[in-house]
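Let's take a walk through this model together, one piece at a time. Have the viewer open and follow along.

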Amino acid sequence: MSSRQLTVRIHGALNDFVAPERRGQAFTHVLQGSPSVKDLIESLGPPHPEVDVVLVDGAPVDFAHRAEEGTSLDVYPASDPSAPQVAREARVGQPLPEMPRFILDVGLGRLSGFLRMLGFDTLWRNDSADDQLARLSHDESRVLLTRDLGVLKRSEVVHGYFPRATDPAHQLVEVVRRYGLTSRMRPFSRCIACNAPLSTATPEEVQGRVPEGVAQRHSHFQQCPGCQRVFWPGTHHQRMQNLVETLRKLEATNP
């Protein structure tokens, strides 16, 4: 008895999750039962939140569509220049809110600080459980950033991304590019430590809460109403400002 097969091609950045011998080319896949295309795609590697368009024999389908013998399956990520033009309602990828919010797993603490520095509402704890991350991502419409594919493939996750880099600064560049964040950045408007929005403060208001030398050299401060930290434009601020300017230059080069 011949095996039941279909032809699959994974496109663009989704090839990062596929076995090397299958990247960038069509390959045959033996069907086991009658899986949904979502389950089939994830069995091959790519997590569903990174998928934007699924075509069966050239026509767009949703994740619930059942894979069938003898068909051809094409899977595209978001912002892939080779992807066909497909109506918004025919895409499996869901549109983001105007101002994206994020939730990060325990291994991405430094990335969370960078995103907060850029002004994005970003949840992170060093003890968050996988089910809690997935649930909050769904319930609060947050983008889940994680390097744990098991978490990203949980069915309740709608928006999510697997940073390829291990260096936090490079991860930030990836996320800014992936979600087009440069025009949405509000640098130094949120507490890096606890995520609360910052408010301006006078030297008198922060007296006794900053080193004496800082109080003498600076007249502009920000304070966090949550954790009571005080921020001022010191050396670290300038390094962060340089990073912000570098990210803004991505606007013109973002593919």
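## A covered helix, a crossing and some cysteines

Among the elements that cover the buried residues of helix α1 are the strands β1 (5-10), β2 (27-30), β3 (51-56) and β5 (72-77). Keep in mind as you look around that this is a predicted model.

So how much of α1 is covered? Mostly covered is the verdict, with six of its eight residues buried. If you want to pick them out, they are V37, K38, L40, I41, E42 and L44.

K38 on that list deserves a closer look. It sits in α1, which spans residues 37-44. The relative accessibility of K38 is 16%, and since buried means under 20%, K38 makes the cut. What does K38 touch, leaving aside its neighbours within four places in sequence? Its contacts are H48, F63 and K153. Now slide along to the spot just after α1, and you'll find G45 with a positive phi of about 135°.

Next, move on to a pair of helices. Helix α2 covers residues 109-117 and helix α5 covers residues 168-179; the two pack at an angle of about 55°, and their axes are 9 Å apart. That angle falls outside the ranges for roughly parallel (under 35 degrees) and roughly perpendicular (65 to 115), and so α2 and α5 count as oblique to each other. As for handedness, the crossing of α2 past α5 is right-handed.

Which residues make that contact? On the α2 side they are R110, L111, F114 and L115, while α5 brings P168, A169, Q171, L172 and V175. Sorted by class, the contact between α2 and α5 comes out as seven nonpolar residues, one polar and one charged.

Last stop: the cysteines. How many disulfides are there? The count comes to zero, given a rule that asks for a pair of cysteine sulfur atoms within 2.5 Å. Take C191, which is in no disulfide: the nearest cysteine sulfur belongs to C227 and is 3.6 Å away. C191 has 0% relative accessibility, so it counts as buried. C194 is in no disulfide either, and here the nearest cysteine sulfur is that of C224, 3.3 Å away. Is C194 buried or exposed? Neither label fits, because its relative accessible area is 32%, which makes C194 partly exposed.

How values were computed: Residues numbered from 1 in each chain as written. Predicted model: local features only at pLDDT ≥ 70, side-chain atom pairs only at ≥ 80, totals over all residues. Heavy atoms only, no water. Axes fitted to C-alpha atoms, helices over the stretch in contact; angles between N-to-C directions. Helix = DSSP H or I, 4+ residues; strand = E, 2+ residues; numbered from the N terminus. Parallel < 35°, antiparallel > 145°, perpendicular 65-115°, else oblique. Left-handed = near helix turned anticlockwise from the far one by under 90°. Contact = heavy atoms within 4.5 Å. Nonpolar A, V, L, I, M, F, W, Y, C, P; charged D, E, K, R; others polar. Buried < 20%, exposed > 50% of the residue type's maximum accessible area, 1.4 Å probe, protein only.
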